[in-house]
Amino acid sequence: MDLRNPLGVHALVWVGGTGPADVTAAIGKTKAAGYDLLEFSLHDSINLDVARTRAELEAAGLRAACSRGLAMDADISSDDPAVVERGEKLLHESLRVAAGLGASHLTGALYSAFGSYARPLSAAGRANVVAVLRRLAKEARGTGVTLGLEVCNRYETNVVNTARDALRLADDIGEDNVVVHLDTYHMNIEENDMVRPVLDLGERLGYVHIGENHRGYLGSGHLDFTSFFHALGQIGYTGPITFESFSSAVVAPGLSADLSIWRNLWDDGEHLARHARDFISTHLSAVPA
Ligand code: MN
């Protein structure tokens with residue numbers, strides 16, 4: 001059955017590293033499991049051979065997306081100009097990598113570090129986020145890379161925790177190549193339900209992460225995916241839908257710690273990914289026209 005959304009999978013389902021052997025394995029497994037898109041975390045992209053990865057993606061007929069958060073010492077939501085500057089540099093480097101890979105999206109917590117903040121976002125910090133992301137969006141124009149603001153929960157950021165927060169931020173940035181990215185795992189913690197945020201965003205929704213409430217097997221937790229997929233159908237969402245799941249079985253040293261991946265929720269990434277693809281396509285094909 002033809003689905004109207006590209007279906008993606010996060011590379012951490014397959015491998016923790018970004019060296020050539022890991023990239024080749026991730027691309028082969030993504031293709032074999034029937035996905036259209038592979039999402040790379042750029043937390044640790046120092047080993048990533050961009051040109052080679054792009055060629056392998058093209059040979060496999062796969063699309064790519066990139067995601068990342070910033071760091072406490074390189075954070076554009078800070079009040080400290082030196083910290084903001086380091087964060088902006090990281091973002092511009094990440095945009096170059098995303099464009100080099102031919103990625104459709106650079107998304108995630110582009111607006112702050114991944115981590116538990118000790119205080120609310122300041123007005124000056126928010127103004128820094130707006131100014132830096134406006135410059136990044138202008139630079140992204142012409143690269144083919146769309147920027148996403150992923151709505152993350154309170155334990156990972158203090159900048160945007162709800163779809164409405166993200167919409168306000170996107171409005172203030174004021175560039176039409178900046179979209180909002182919803183993740184069902186985070187929505188479960190912060191939103192009133194799984195439908196209203198989707199309807200509130202409408203055409204401003206540009207990227208989706210599907211994850212269970214514990215980030216393990218889809219359907220093994222308590223999230224109301226039926227309502228969520230119906231809401232996507234209601235707004236006519238055609239953007240990427242990427243399966244995101246983490247287990248202590250596959251570790252990326254920086255990212256896994258930032259995301260508090262302490263538990264073993266699965267061992268067999270191939271079984272997990274095939275199951276998730278079936279789960280997502282079954283839900284999508286059942287959405288009322
Ligand atoms: Mn996510």
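Asp176 is exposed in this predicted model, with a relative accessible area of 66%, and its side chain meets that of Arg141 in a salt bridge, at 3.1 Å from N to O. The two residues belong to distant parts of the chain, 35 residues apart, with Arg141 in the loop between helix H4 (123–140) and strand E5 (146–150), and Asp176 in the loop between helix H5 (163–173) and strand E6 (178–183). Arg141, for its part, is partly exposed, at a relative accessible area of 41%. This contact does not stand alone, since salt bridges that share partners join Lys138, Arg141, Glu175 and Asp176 into one network.

Let me set that beside two pairs that lie within single helices, taken from the 17 salt bridges that the structure holds. In helix H2, which covers residues 50–60, Arg54 and Glu58 are 4 residues apart, about one turn of the helix, and their side chains form a salt bridge at 3.1 Å, again N to O. Arg54 counts as partly exposed, at 32% relative accessibility, while Glu58, at 54%, counts as exposed.

Helix H3, residues 81–101, carries Lys89 and Glu93, which are likewise 4 residues apart, about one turn of the helix, and whose side chains meet in a salt bridge with an N to O distance of 3.2 Å. Here Lys89 is exposed, with a relative accessible area of 54%, and Glu93 is partly exposed, with 31%.

I would now like to turn to the metal site. Which residues coordinate the manganese ion? The donors are Glu150 through OE, Asp183 through OD, His209 through ND1 and Glu244 through OE, at 2.0 to 2.2 Å. Along the chain, these donors follow the spacing E-x32-D-x25-H-x34-E. If we take His209 and Glu244 from that set, His209 lies in strand E7 (residues 205–210) and Glu244 in the loop between strand E8 (241–243) and helix H9 (253–258), so the pair ties together parts that are 35 residues apart in sequence.

Are these two donors, His209 and Glu244, buried or exposed? His209 has a relative accessible area of 0% and is therefore buried, and Glu244, with a relative accessible area of 6%, is buried as well, the cut-off for that term being under 20%.

To return to where I began, Asp176 is exposed and takes part in the network with Lys138, Arg141 and Glu175, whereas His209 and Glu244, two of the donors to the manganese ion, are buried.

Key
Residues numbered from 1 in each chain as written. Predicted model: local features only at pLDDT ≥ 70, side-chain atom pairs only at ≥ 80, totals over all residues. Heavy atoms only, no water. Donors = N, O, S within 2.8 Å, 3.2 Å for Na, K, Ca; no water. Buried < 20%, exposed > 50% of the residue type's maximum accessible area, 1.4 Å probe, protein only. Salt bridge = Lys/Arg side-chain N within 4 Å of Asp/Glu carboxyl O.
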